[in-house]
Amino acid sequence: MVASKTFFPSIAATAMLLATANGHGYMSDPAVTFLSSSTDNTQFIATIESSASGFSGTFSGSPADNTAAFTTAFASSSYTSLKDLIDSLATITVTDATLTCGSCDPDETAQALPTTYVEWSHSDSEGFTSSHEGPCEVWCDDVRVFQDDDCAADYTTAPAEMPYDRDACLGTSVLTFYWLALHSSTWQVYVNCAPLETTTSTGATSSYAYELDCLDSDGDNGNGDYRLDVDHNDSHDRSNDRLGVNINHNNNHDRSNDRLDVDLYDNHDRSYDRLDVNHDQLRRN
């Protein structure tokens with residue numbers, strides 16, 4: 001049986017009265033629709049135990065201290081985004097919820113892209129719950145269009161207004177919001193999604209995206225040189241850090257060495273650091 005759906009804006013007052021202590025918000029623009037099986041439309045839908053995250057640091061302090069520890073540990077991790085971390089580590093705690101849409105109905109009525117801001121609400125007087133500090137992201141399909149390390153601290157209006165790369169969302173079909181609340185050692189995962197009205201892509205790229213390009217730099221489509229460029233936008237200074245990987249690949253059959261050159265561009269001092277990997281030898285120069 002397919003679960004029925006309820007359009008959230010029309011029952012907002014009722015939902016607020018029924019909300020439990022677990023409830024701390026929903027995406028209000030674009031509007032979302034929740035499945036009837038959702039008993040609290042504002043609650044987190046999954047958790048991550050900090051002790052099982054593999055992150056070093058202490059996560060039993062104040063919300064601000066926990067968030068600072070998380071930000072430091074995340075920067076040293078292999079995760080490329082908050083979405084990546086949630087997909088890898090979160091345990092769903094709510095019936096019928098998913099890590100792609102939370103308790104929202106992915107087949108709801110398509111919504112228009114917000115003009116300027118994606119909005120998050122808890123009540124008429126609160127956007128993010130102030131004690132629930134932690135990172136959040138907005139994605140359009142598989143493109144990240146907004147990111148912040150501490151959304152509750154940095155976006156304090158009601159509703160909270162997150163400026164996103166709207167042009168990068170043109171031509172996409174679903175907008176998804178991810179938020180991780182770090183006020184305790186059990187991290188709370190919030191996910192909402194809304195299908196989007198049809199738009200036409202302009203080819204715009206997001207300043208919040210990770211861009212991966214793998215090029216056959218010598219053009220022979222075989223053994224030889226390849227390059228992988230990763231442009232990572234720094235949400236604090238809005239500049240790109242570039243990781244360039246030059247792969248000089250020799251024929252493995254003749255037992256010759258394969259070489260991996262990694263050029264890491266530091267946007268702060270505008271210089272390159274090079275890491276050369278030559279077969280079984282690793283050196284930094």
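Visitor: How many cavities of 30 Å³ or more does the structure hold?
Guide: The structure, which is a predicted model, holds one cavity of 30 Å³ or more. The largest cavity contains about 60 Å³ of space.

Visitor: What makes this space a cavity and not a pocket?
Guide: It is called a cavity because a 1.4 Å probe fits at its points but cannot get out, whereas a pocket is an open set. Rolling a probe the size of a water molecule over the atoms shows where empty space is left.

Visitor: Which residues line the largest cavity?
Guide: The lining consists of Gly25, Phe34, Ser38, Asp40, Asn41, Gln43, Ile45, Ser103, Trp120, Tyr190, Val191 and Asn192. Strand β11 (residues 186–195) supplies the largest share of this lining, with three residues.

Visitor: What is the character of the lining of the largest cavity: nonpolar, polar or charged?
Guide: The lining is divided into five nonpolar residues, six polar residues and one charged residue. Gly25 is in the lining, and glycine is counted as polar.

Visitor: Why is Asn192, one of the residues of the lining, called buried or exposed?
Guide: Asn192 has a relative accessibility of 4%, and buried means under 20%. Asn192 therefore counts as buried. Its place is in strand β11.

Visitor: Which residues lie 150 and 164 residues from Asn192 in sequence, and how far away are they in space?
Guide: Thr42 is 150 residues from Asn192 in sequence, with 9.8 Å between the C-alpha atoms. Ser28 is 164 residues from Asn192 along the chain, and their C-alpha atoms are separated by 9.7 Å. Ser28 belongs to strand β2.

Visitor: What makes Ser28 buried, partly exposed or exposed?
Guide: The relative accessible area of Ser28 is 23%. Buried would need under 20% and exposed over 50%, so Ser28 is partly exposed.

Visitor: How many aromatic pairs are there?
Guide: The count comes to 16 aromatic pairs. One of them joins Phe44 and Tyr190, with 6.1 Å centre to centre and 75° between the planes.

Visitor: Why is the pair of Phe44 and Tyr190 given the name stacked, tilted or edge-to-face?
Guide: Ring centres must lie within 6.5 Å to pair, and planes over 60 degrees apart count as edge-to-face. At 6.1 Å and 75°, Phe44 and Tyr190 form an edge-to-face pair. The pair links distant parts of the chain: Phe44 lies in the loop between β3 (33–35) and β4 (46–49), and Tyr190 in strand β11, 146 residues apart. Phe44 counts as buried at 12% relative accessibility, and Tyr190 is buried at 1%.

Visitor: What makes the pair of Trp120 and Phe128 stacked?
Guide: The ring centres of Trp120 and Phe128 are 6.2 Å apart and their planes are at 15°. Stacked means under 30 degrees, so the pair is stacked. Both Trp120 and Phe128 are buried. Phe44, Trp120, Phe128, Phe177, Trp179 and Tyr190 form one aromatic cluster.

Visitor: What makes Lys83 count as lying over the face of Trp139?
Guide: The distance from Lys83 to the ring centre of Trp139 is 5.4 Å. The limit is 6 Å, with a further condition of 35 degrees from the ring normal. Lys83 is counted as lying over the face of Trp139.

Visitor: How do you know whether Arg144 is buried or exposed, and what does its side chain contact?
Guide: Arg144 has a relative accessible area of 6%, and under 20% means buried, so Arg144 is buried. Arg144 sits in strand β8 (residues 143–148). Its side chain makes a polar contact with the side chain of Glu137 at 3.1 Å and reaches the backbone oxygen of Tyr208 at 2.7 Å.

Visitor: Why point out cis peptide bonds and positive phi values?
Guide: They are pointed out because most residues other than glycine have a negative phi, and most peptide bonds are trans. A cis peptide bond joins Asp29 and Pro30, with omega about 0°. Another cis peptide bond joins Ala158 and Pro159, with omega about -5°. Phi is positive at Asp96, near 70°, and at Asp141, near 55°.

Visitor: Why are Asp96 and Asp141 called buried, partly exposed or exposed?
Guide: Asp96 has 44% relative accessibility and Asp141 has 33%. Partly exposed lies in between under 20% and over 50%, so Asp96 counts as partly exposed, and so does Asp141.

Note on methods. Residues are numbered from 1 along each chain as its sequence is written. This is a predicted model: local features need pLDDT of at least 70, side-chain atom pairs count only at pLDDT 80 or more; totals for chains, interfaces and linings use all residues. Side-chain values use heavy atoms; hydrogens and water are left out. On a 1 Å grid over the protein atoms alone, a cavity is a set of points where a 1.4 Å probe fits but cannot get out, and a pocket is an open set with protein on both sides within 12 Å along at least five of seven lines; lining residues have an atom within 4 Å of a point. Grid points are joined across faces, edges and corners, and a volume is the space filled by probe spheres set on the points. Helices (H or I, at least four residues) and strands (E, at least two) are DSSP runs, numbered from the N terminus. Buried means under 20% relative accessible area, exposed over 50%, partly exposed in between (1.4 Å probe, protein chains only). A polar contact is a pair of N or O atoms within 3.5 Å; within protein, one must be able to donate a hydrogen and the other to accept it, and residues adjacent in sequence count only if both atoms are side-chain atoms. Rings of Phe, Tyr and Trp (its six-membered ring) pair if their centres lie within 6.5 Å; planes under 30 degrees apart count as stacked, over 60 as edge-to-face and the rest as tilted.
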